[in-house]
Each structure stands twice: as structure tokens, then as C-alpha cells.
Amino acid sequence: MPQTNHQPIRVLFVCLGNICRSPLAEGVFRKLVDEAGLSAHFEIDSAGTGPWHVGEPADRRMQRTARRYGVDLSKHVARQLSEKDLAYYDYIFVMDRENLEDVLHLDHEGRFRDKVQLFRSFDPEPGNGEVPDPYYGGERGFETVYQIVERTARRLLQHLLAAHGLKETVGLSR
Ligand code: 4NP
């Protein structure tokens, strides 16, 4: 399904709290898209399946790790996934299988099943296919999450560019 310039590809990243993994995936993916000169072609956001952290900023530990790699999460405000998101976004990338189950639970009639995928299915080293939840662990978990998210987001962008017939514009002569 090729997109025109007027119809951005809508991409949503989903985790449980929307304060650690999905804000990071959103921030990393947005940075890659910006660097490729393709920000006009994408609409990117994140959301959590749970309500507990709505209105809060990204977890300080996640922000600190992201900042070390030049990814700014300081403006993030956590929000909860809604049924409207399922209709609105073209792609919904979830961090683990619990997220997958929760998202599909919102999809009462199964209309949006094909939009929802495990983010790590694009990871060249997918492990068990899930981005581990770092919330109750130590600093190291946040670094691990960063490494997973960064390499997966790169592959994901390559995949979407190919699927939509888009090319990176930065570095190409006009
Ligand atoms: P996230 O991490 O889903 O990556 O944002 C979590 C944040 C909060 C909680 C669990 C996971 N919590 O239980 O409050």
C-alpha cells in the first residue's frame, strides 16, 4: 500500500505503563526517521495498555539512558491506549506478549488484528521476541532495553521504507 506525501504512515508503539519501553521506541524510531529526512512521511506515537502512569513523564532511568544516546524523552507524557488508536494507526508494535493480548482484547471484533505485531519480530537477534520490562530492575536493564530497541528500530524502519516504496532522502543528490 504505497503512501502519498499527504498520507503519513501512522506508527504506534505500545507497552504496559508508557513510561519506559514504548516511549523509548517512539523516541528512537522518530530520531531514525528524522535522520533519514523522512519525518513528513510518518506519524509516530506511543501508549500504554494500563492506566497507572497516565499524565506522567517517562521514567527517569529510561530518560537518562536515552539521553546518553542522544534521544530526548523529556517531553513525553504517558497516555493509555484506546480503541480509537486501533482504528487510527496503521501499525501497532507491542513490546511483549502480555501487551499483545491486552491490545487484542480491546479489538472486540478482531478487525485490527493484522495491524498488531511484536516489535521484536524485527530484531535481528529476537531472543524470546519480547522487550523485557525494566521497571522493577536495576540500571542495567535500561541499557539492555536501549540496545534491543535501537537495533530493532533500525530494521523496522528499513522494513517500512521497503514496504511503502520510500527511500532515505538525506545524503541523496537532488
Ligand atoms: P513500561 O514499564 O511498560 O515499559 O512503561 C512499566 C512501567 C510501569 C509498570 C510496569 C512496567 N508498573 O507496574 O507500574
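**Helix packing and the parallel sheet**

The crossing of helices H2 and H5 is right-handed. In this predicted model, H2 comprises residues 60-68 and H5 comprises residues 139-163, and the two helices pack with their axes 9 Å apart, at an angle of about 50°. H2 and H5 are therefore oblique to each other, since an angle of this kind falls outside the ranges that count as roughly parallel (under 35 degrees), roughly perpendicular (65 to 115) or roughly antiparallel (over 145). On the side of H2, the contact is made by Arg-61, Met-62, Arg-64, Thr-65 and Arg-68. On the side of H5, the residues involved are Glu-139, Phe-142, Glu-143, Val-145 and Tyr-146.

The strands are considered next. Strands of a sheet pair through backbone hydrogen bonds, in either the parallel or the antiparallel sense. Here, four strands form an open sheet in the order S2-S1-S3-S4, and the pairing is parallel. S2 and S4 (116-118) are the edge strands, each of which pairs on one side only. On average, and with direction ignored, neighbouring strands of the sheet are turned by 25° against each other. H5, described above for its packing with H2, also packs on this sheet, where H5 touches S1, S2 and S3. The direction of H5 makes about 135° with that of S2. A further helix, H4 (residues 97-106), lies across S1, S3 and S4 and runs at about 170° to S4.

Strand S1 spans residues 9-15, and six of its seven residues are buried, so this strand is largely enclosed by the rest of the structure. S1 pairs with S2 (residues 42-48) in the parallel sense, over seven bridges. Within this pairing, Arg-10 stands opposite Glu-43 in S2. The connection between these two strands passes through helix H1 (residues 21-35), and the resulting β-α-β crossover from S1 to S2 is right-handed. S1 also pairs in the parallel sense with S3 (residues 91-94), over four bridges. Leu-12 stands opposite Ile-92 in S3, and Val-14 has Val-94 as its bridge partner in that strand.

Strand S3 is covered on both faces. Tyr-91 and Phe-93 lie on one side, Ile-92 and Val-94 lie on the other, and all of these residues are buried. S3 runs parallel to S4, to which three bridges join it. Val-94, the partner of Val-14 in the pairing with S1, has Leu-118 as its bridge partner in S4. The chain passes from S3 through H4 to S4 in a β-α-β crossover that is right-handed.

Individual positions outside the strands and helices complete the description. Asn-18 is located in the loop between S1 and H1. Its phi angle is near 60°, a positive value in a residue other than glycine. With a relative accessible area of 0%, Asn-18 is buried. Thr-49 belongs to the loop between S2 and H2. Its relative accessibility is 16%, so Thr-49 counts as buried, the cut-off for this class being under 20%.

When neighbours within four places in sequence are set aside, Thr-49 is in contact with Val-14, Cys-15, Leu-16, Gln-80, Leu-81, Asn-99, Asp-102 and Val-103. Val-14, one of these contacts, is also the residue whose bridge partner in S3 is Val-94. The C-alpha atom of Thr-49 is separated by 13 Å from that of Asp-107, a residue 58 residues apart from it along the chain.

Lys-167 is found in the segment after H5. At a relative accessibility of 64%, Lys-167 counts as exposed, because this class begins over 50%. Between Lys-167 and Leu-73, which are 94 residues apart in sequence, the distance from C-alpha to C-alpha is 27 Å.

Key:
Residues are numbered from 1 along each chain as its sequence is written. This is a predicted model: local features need pLDDT of at least 70, side-chain atom pairs count only at pLDDT 80 or more; totals for chains, interfaces and linings use all residues. Side-chain values use heavy atoms; hydrogens and water are left out. Buried means under 20% relative accessible area, exposed over 50%, partly exposed in between (1.4 Å probe, protein chains only). Two strands pair if DSSP finds at least two bridges between them. A crossover is right-handed if, with the strands pointing away from the viewer, the path from the first strand over the helix to the second runs clockwise. Axes are lines fitted to C-alpha atoms, for helices over the stretch in contact, and angles run from 0 to 180 degrees between N-to-C directions. A crossing is left-handed if the near helix is turned anticlockwise from the far one by less than a right angle, and right-handed if clockwise. Contact means heavy atoms within 4.5 Å.
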